[in-house]
Amino acid sequence: MSSTAHELVNATVQQPISSPLRFGILGAARIGPEGLLKPARSHPDVSIVAVACRDSDRGAQYAQKWGIPKVYSGQRAYYELLANPDIDAVYIPLPGGLHAVWAIRALQAGKHVLVEKPITTTADEAREVFALAGKKGLVALEGIHSTFHPAAQRVREIILSGELGKVQSAHASFGIPAWISWFQFAKDDVYFNYELAGGCMRELGVYPLAAIRHALGLDTQILEVTSATPSPHPIDPARIDRAMHTTYSLPDSAMAETVCDFAIPGKGPFGLIPSLPQLNVTVHLESGEVEFCNYAVPHRYHSIKVKPKRGTARTEKVYRYADGRDGEGWTTYRYQLQAFVDKVRGRTPWVWIQPATSITEMEIVEKLYEKSGLPPRPSQKGM
Ligand SMILES: NC(=O)C1=CN([C@@H]2O[C@H](COP(=O)(O)OP(=O)(O)OC[C@H]3O[C@@H](n4cnc5c(N)ncnc54)[C@H](OP(=O)(O)O)[C@@H]3O)[C@@H](O)[C@H]2O)C=CC1
Ligand SMILES: O=C1OC[C@@H](O)[C@H](O)[C@H]1O
């Protein structure tokens, strides 16, 4: 598959592996298995050597379940992991508000960092993380995993090819039905914690925002937020958004809309009809429409429907790169890990999220919260 996407570049030949890249994980987080532990199993150049967990029992159970040889526990656990000279890279699946502070500490300790989304709380923090990584010659990457999947690259390629003309509008969503949320989230979930920079826009909304920016090639463009309408979360209605509806103005008089929701209410009488997940990107162009269904976890299933106003509609499904560089059944997280390791090893990754792309995302999200009337998420740096 050829690409006009500037962040999608050809891979170079894999170099022989002398010793695998040694990862440590900060926090026995829920996302750890999908985000790194399972992808690492099929990556010949990765070994997971340690996890740090504040609670010793939970840390030991996690390590045993996932075959992690070393556990650090207690209040100094994260610092101790970072002090281990036999760790090359650190995965940071902490609550969003702690990403910056621990990414900076890890970089200061000489480790490469794979940081869960959203990269930080503020754009200034993101600038600091990437500046430090640059200064130290280390890799820092925000784990917006969906961007790394070949289906996302294909959608971008179709739109930027000009096949359907100029973009007029784009819509993207990440909505979880209320009946699923009930099982998925705890009442005291970190996602709803204001001090830890929670809120739906930061937890879910960054996916549709990133998907639109990526698909339209607006990676480093600050989108003007024209409206941001929050729905309050019952746990902390004055500060935490359960949902956020946002509109943006795009170059050339186009517009975009993102919708995110932790708990889409049921429909019909008394809300008894269960709602469905919302995980689509739709782009309207001069001569047709592109609809990317299930863009956030496209490895499970997805479809890319290309509907020209004139001519025949088609559906594409793209699970692998055409030249066979990748592996059967790779998840978005596995593609992401491949890119991260390639970058560390000095190879050119197939896809990369540039620092400026992540910094711009934080600028937009900060502006968006300001527009919404909710208070800015507090920075934990310096605390
Ligand atoms: N890429 C993806 O698909 C997904 C990404 N995420 C992102 O990953 C991050 C973690 O999410 P998730 O795994 O769901 O969260 P969890 O609550 O499961 O894990 C967060 C971890 O943070 C640690 N932690 C450190 N300080 C605190 C604190 N003050 N309060 C609470 N936890 C603390 C805990 O580690 P310890 O073990 O030491 O107690 C805990 O294991 C978030 O940034 C989220 O946005 C989440 C889900 C999916
Ligand atoms: O990143 C995420 O993706 C999946 C969601 O269910 C999760 O809450 C979120 O943090």
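# Two domains, two sheets and a ligand between

The centres of domain 1 and domain 2 lie 26 Å apart, taken over C-alpha atoms. Domain 1 spans 21-145, and domain 2 is made of 147-328 + 351-372. These bounds come from an automatic or database domain assignment.

This is a predicted model, in which local features need pLDDT of at least 70 and side-chain atom pairs count only at pLDDT 80 or more, while totals for chains, interfaces and linings use all residues. Residues are numbered from 1 along each chain as its sequence is written, and chains are lettered from A and ligands numbered from 1 in the order in which they are written.

## Where the domains meet

In domain 1, 19 residues are in contact with 21 residues of domain 2. Contact means that the C-beta atoms of two residues, placed from the backbone, lie within 7 Å. On the domain 1 side, α5 (123-136) and β6 (140-143) each supply at least two residues. The largest share, four residues, comes from α5. By class, this side of domain 1 has nine nonpolar, seven polar and three charged residues. Here Ala, Val, Leu, Ile, Met, Phe, Trp, Tyr, Cys and Pro count as nonpolar, Asp, Glu, Lys and Arg as charged, and the others, Gly among them, as polar. Helices (H or I, at least four residues) and strands (E, at least two) are DSSP runs, numbered from the N terminus.

Which residues are closest to ligand 1? They are G27, A28, A29, R30 and E116, in a shell of 22 residues. A residue is near a molecule if its C-beta atom, placed from the backbone, lies within 6 Å of it. The shell holds 10 nonpolar, five polar and seven charged residues. Both domain 1 and domain 2 give residues to this shell, so ligand 1 lies between them.

## The parallel sheet

Six strands make an open sheet with parallel pairing, in the order β3-β2-β1-β4-β5-β6. Two strands pair if DSSP finds at least two bridges between them. At the edges stand β3 (70-73) and β6, each with a single partner strand, so one side of each has no neighbour in the sheet. From one strand to the next, the twist averages 20°. Axes are lines fitted to C-alpha atoms, for helices over the stretch in contact, and angles run from 0 to 180 degrees between N-to-C directions.

Strands β1 (residues 21-26) and β4 (residues 89-92) run parallel and are joined by three bridges. F23 faces A89 in β4. Helix α2 (residues 56-66) lies across β2 (46-53) and β3, at about 160° to β2.

## The mixed sheet

Eight strands form another open sheet, with mixed pairing and the order β8-β9-β10-β7-β11-β12-β13-β14. Its edges are β8 (224-232) and β14 (314-316), each with a single partner strand, so one side of each lacks a neighbour in the sheet. The twist here averages 10° from one strand to the next.

β8 runs antiparallel to β9 (residues 241-249), joined by eight bridges. Two facing pairs are A228 opposite T246 in β9 and V225 opposite Y248 in β9. Helix α10 (residues 355-372) packs on the sheet, touches β8 and β9, and makes about 60° with the direction of β8. Next, β9 pairs with β10 (residues 255-264) in the antiparallel sense over seven bridges. T246 also stands opposite T258 in β10.

## Backbone details

Most residues other than glycine have a negative phi, and most peptide bonds are trans. Three places depart from this pattern.

- D252 takes a positive phi near 60° in the hairpin of β9 and β10, which has five residues between the strands.
- F270 has a positive phi near 55°; F270 sits in the loop between β10 and β11 (280-285).
- K117 and P118 are joined by a cis peptide bond, with omega about -15°; P118 is in the loop between β5 (112-116) and α5.

## Annotated stretches

UniProt lists two domains, both in an unreviewed entry: "GFO/IDH/MocA-like oxidoreductase" at residues 153-288 and "Gfo/Idh/MocA-like oxidoreductase N-terminal" at residues 21-140. UniProt positions are in the numbering used here, feature names are shortened, and annotations may be inferred rather than shown by experiment.

| Residues | Helix | Strand | Distance between end C-alpha atoms |
|---|---|---|---|
| 21-140 | 43% | 23% | 15 Å |
| 153-288 | 24% | 34% | 19 Å |
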